[in-house]
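Student: Please take me through one part of this model closely, a place where two helices pack together. After that, show me a few other spots that can be described in the same plain way.

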Amino acid sequence: MGTGSSRAPSSADPEEPAVATHCPYCALQCGTLLRSGAAPGAPPHVEPDAGFPVNRGGLCQKGWTAPAVLRAPDRLRTPLVRDRADRLAPAAWDTALDTVASRLAAIRAAHGPDSVAVFGGGGLTNEKAYLLGKFARVALGTRMIDYNGRFCMSSAAAAGVAAFGLDRGLPFPVTDLAEADTVLLAGANPAETMPPLMRHLGKAGALVVIDPRRTPTAERAALHLAPAPGTDLALALGLLHVAVAEGMHDEEYVRTRTVGFRAAWRRAAGWWPERVELVTGVPAAAQREAVRLLREARRAYVLTGRGAEQHSKGTDTVAAFVNFALALGLPGRPGSGYGCLTGQGNGQGGREHGQKADQLPGYRHLTDPAARAHVAGVWGVEPDSLPGPGLSAAELLGALGTDRGPRALLVFGSNPVVSAPDAGRVQRRLAGLDLLVVADFVPSETAAMADVVLPVTQWAEEEGTLTNLEGRVLRRRRALAPPPGVRTDLAVLRALALRLGEPAHRFPDDPRRVFDELRRASAGGPADYGGISYDRLDAGEALHWPCPATPADGPPHPGTPRLFLDRFAHPDGMARFQDVDHREPADARDDRFPLWATTGRQLAHYQSGAQTRRVPELVRAAPEAVVEMHPDTAARAGLAEGELARVRSARGAVLARVRLVATLRTDTVFLPFHFPGHGRANLLTGTALDPRSRMPEFKVSAVCVERVGAEEPRAGVPAVAVRGAAG
């Protein structure tokens with residue numbers, strides 16, 4: 001189901017009206033129609049919404065099977081509180097909430113507000129992300145809040161703000177890509193990670209793919225460049241060198257719409273194609289061909305993904321690709337541009353409204369006095385009462401349970417036991433907390449460690465909004481009632497805030513009321529939602545931010561589907577080249593660890609797999625952790641197809657089934673990161689961080705591979721004992 005095929009109709013009540021909503025997975029937010037199942041207790045039937053332009057009637061395997069998670073056999077339906085026997089036991093909601101509130105209050109009283117931390121998720125609706133940030137800063141008074149989107153889009157966000165003055169994943173609609181003559185994809189594999197996007201990219205005249213692996217996306221490319229892991233920045237510098245040295249850059253555009261070109265060119269001047277070939281392994285002729293394809297195209301795009309971003313130099317790597325796009329005159333030109341393929345379902349909206357460590361709603365900076373005054377006025381608090389910036393996600397998780405770190409953590413919409421870098425260390429930090437609270441709808445690996453688990457609604461059971469990768473705000477609509485005993489995240493936050501002494505009006509739990517407040521808080525900010533309303537969205541308007549409010553007697557703002565056509569968002573209206581240079585990864589290969597490991601997603605699974613590993617069809621397609629390697633690499637380690645291998649780094653070891661891939665580089669192995677226990681790819685990854693975005697280095701770890709004895713555990717067995725078990 002590569003680009004979204006149709007399926008035979010399943011059992012659904014033909015008389016039941018369809019509810020228009022969106023897929024719960026990636027940032028495409030494909031349009032779907034849900035109908036109640038014909039049989040009692042059956043999951044709803046999903047159909048693609050042929051009228052939604054992003055997916056145009058297509059869904060991937062995950063989208064087709066999304067309703068199955070709603071009826072997962074182990075769905076959380078009642079709060080769980082760890083008892084004296086160290087087991088999670090069912091409890092009444094009042095008991096669970098009272099337990100959380102009283103323990104939070106005691107920890108704060110003993111150790112201060114920063115002893116309590118909050119960890120959010122890029123899949124939370126805009127309303128949840130907004131209220132979570134408000135809860136942390138007002139009800140808890142803590143600086144310590146960040147979210148798992150830091151692991152996904154933060155490098156591209158930092159590079160975009162630096163270059164353009166604004167971060168929106170795609171500053172143009174997805175549908176524009178279908179008109180392209182050439183598209184360059186750097187570190188993205190949408191044929192597996194967001195298949196319906198290929199309906200647009202497949203129409204491009206030429207696809208150029210940069211990826212160490214010959215992925216399904218690379219198989220469809222006119223040109224595939226396969227750099228060694230960790231050398232994307234050198235390759236981007238080389239592409240800029242070719243463009244300028246061989247007269248293929250747009251001098252007029254550079255002169256009239258940008259600043260900083262000379263410094264960027266001084267760096268790139270030292271990266272001639274033959275030198276780049278020595279560092280990256282990409283032939284000089286292929287570098288020249290990539291630049292030619294883009295330069296000769298009437299409509300061209302440069303797009304980056306996680307492969308370019310998830311490095312300790314990820315911001316500089318994305319900046320180098322932006323520099324290349326600017327030299328070609330692409331950003332802000334009709335029919336061309338630069339964009340980032342945002343990953344998580346609300347990865348765009350989730351980074352705009354306050355669950356990030358340094359941010360207030362509307363993409364405002366927490367250190368900006370005017371921003372603090374505006375948001376504090378909306379919240380009804382004093383600006384000086386708002387705490388300052390806290391720790392980034394990896395630093396926050398690494399500080400848990402330490403003498404100077406948080407002693408309590410509330411987790412909403414995330415599974416860091418599987419998804420965080422150096423996952424074994426994170427698991428040990430979580431185990432050292434005085435209090436761990438997890439709000440989720442399935443018993444994830446993180447929930448299994450919690451002191452209190454709060455069961456919350458899923459996508460089809462709730463109302464709200466999300467913002468997809470093109471900056472379009474979308475309505476999530478409730479199609480069915482949640483199971484008895486399950487509450488919304490907004491209701492949980494309100495109940496805790498009231499128990500912590502907040503006035504009732506400050507924490508509404510009605511999504512429409514929360515969104516109306518979000519609109520006021522974002523008004524005037526970079527991500528201005530002031531003119532967007534549920535009524536306009538429900539009427540079918542396609543609204544991309546910024547969409548400011550307008551006077552009541554005037555026409556409403558139409559939204560901004562295409563940014564930067566006249567000017568960029570810096571005060572002078574100019575885009576900025578960035579002065580960046582290549583540097584080596586934090587890890588270094590040596591005799592002990594002679595290979596590079598890189599991580600990523602598979603078609604059948606999503607993120608930590610907490611949802612997709614509960615769908616039988618998806619588990620049959622990808623049942624356990626695998627490690628892809630070249631046959632020669634396997635032979636040197638004495639391994640064969642299907643055997644169990646141990647992959648080791650300086651931080652930990654993973655057990656995975658060998659999958660031989662003849663097109664893979666012999667110095668590289670690949671592991672998907674969706675699996676738990678000994679199969680967690682992030683047992684290998686390290687804590688080196690990008691100095692600007694604080695992105696961990698997920699994409700390159702020095703490793704070795706070994707045979708595993710028959711008596712050793714399988715890939716799905718937990719690697720570290722958790723605190724107790726669900727009762």
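Tutor: What follows starts with one helix pair and then moves to a second pair, some single residues and the cysteines.

This is a predicted model, in which local features need pLDDT of at least 70 and side-chain atom pairs count only at pLDDT 80 or more, while totals for chains, interfaces and linings use all residues. Residues are numbered from 1 along each chain as its sequence is written, and side-chain values use heavy atoms, with hydrogens and water left out.

Two packed helices are described by the angle between their axes and the distance between the axes. Helices here are DSSP runs of H or I with at least four residues, strands are runs of E with at least two, and both are numbered from the N terminus. An axis is a line fitted to C-alpha atoms, for helices over the stretch in contact, and angles run from 0 to 180 degrees between N-to-C directions.

The pair to look at is helix 5 (residues 154-164) and helix 15 (residues 314-327), whose axes come within 8 Å and cross at roughly 45°. Helix 5 is therefore oblique to helix 15; angles under 35 degrees count as roughly parallel, over 145 as roughly antiparallel, 65 to 115 as roughly perpendicular and the rest as oblique. Their crossing is right-handed, a word used if the near helix is turned clockwise from the far one by less than a right angle, with left-handed for anticlockwise.

Contact means heavy atoms within 4.5 Å. On helix 5 the contact is made by Ser-155, Ala-156, Ala-158, Ala-159, Ala-163 and Phe-164, and on helix 15 by Gly-314, Thr-315, Val-318, Ala-319, Val-322 and Leu-326. By class, these are 9 nonpolar, 3 polar and no charged residues. Ala, Val, Leu, Ile, Met, Phe, Trp, Tyr, Cys and Pro count as nonpolar, Asp, Glu, Lys and Arg as charged, and the others, Gly among them, as polar.

Thr-315 belongs to helix 15. With 0% relative accessibility Thr-315 is buried; that term means under 20% relative accessible area, exposed means over 50%, and partly exposed lies in between (1.4 Å probe, protein chains only). Neighbours within four places in sequence aside, Thr-315 touches Ser-155, Ala-158, Ala-159, Asp-690, Arg-692 and Ser-693.

A second pair is helix 9 (residues 232-245) with helix 12 (residues 273-280), with axes within 9 Å and a crossing angle of roughly 165°. This makes helix 9 roughly antiparallel to helix 12, and the crossing of the two is left-handed.

Leu-104 sits in helix 3 (residues 93-111) and is buried at 0% relative accessible area. Beyond four places in sequence, its contacts are Val-116, Leu-140, Ala-408, Leu-410 and Leu-435.

Two details concern the backbone. The peptide bond from Trp-545 to Pro-546 is cis, with omega near 0°. Asp-422, although not a glycine, has a positive phi near 50°; this residue lies in the loop between helix 18 (416-419) and helix 19 (423-431).

Last come the cysteines. A disulfide is counted where a pair of cysteine sulfur atoms lies within 2.5 Å, and by this rule there are 0 disulfides. For Cys-23, the nearest cysteine sulfur is that of Cys-30, 6.1 Å away. Cys-30 is in no disulfide either, with the nearest cysteine sulfur, that of Cys-26, at 5.8 Å.
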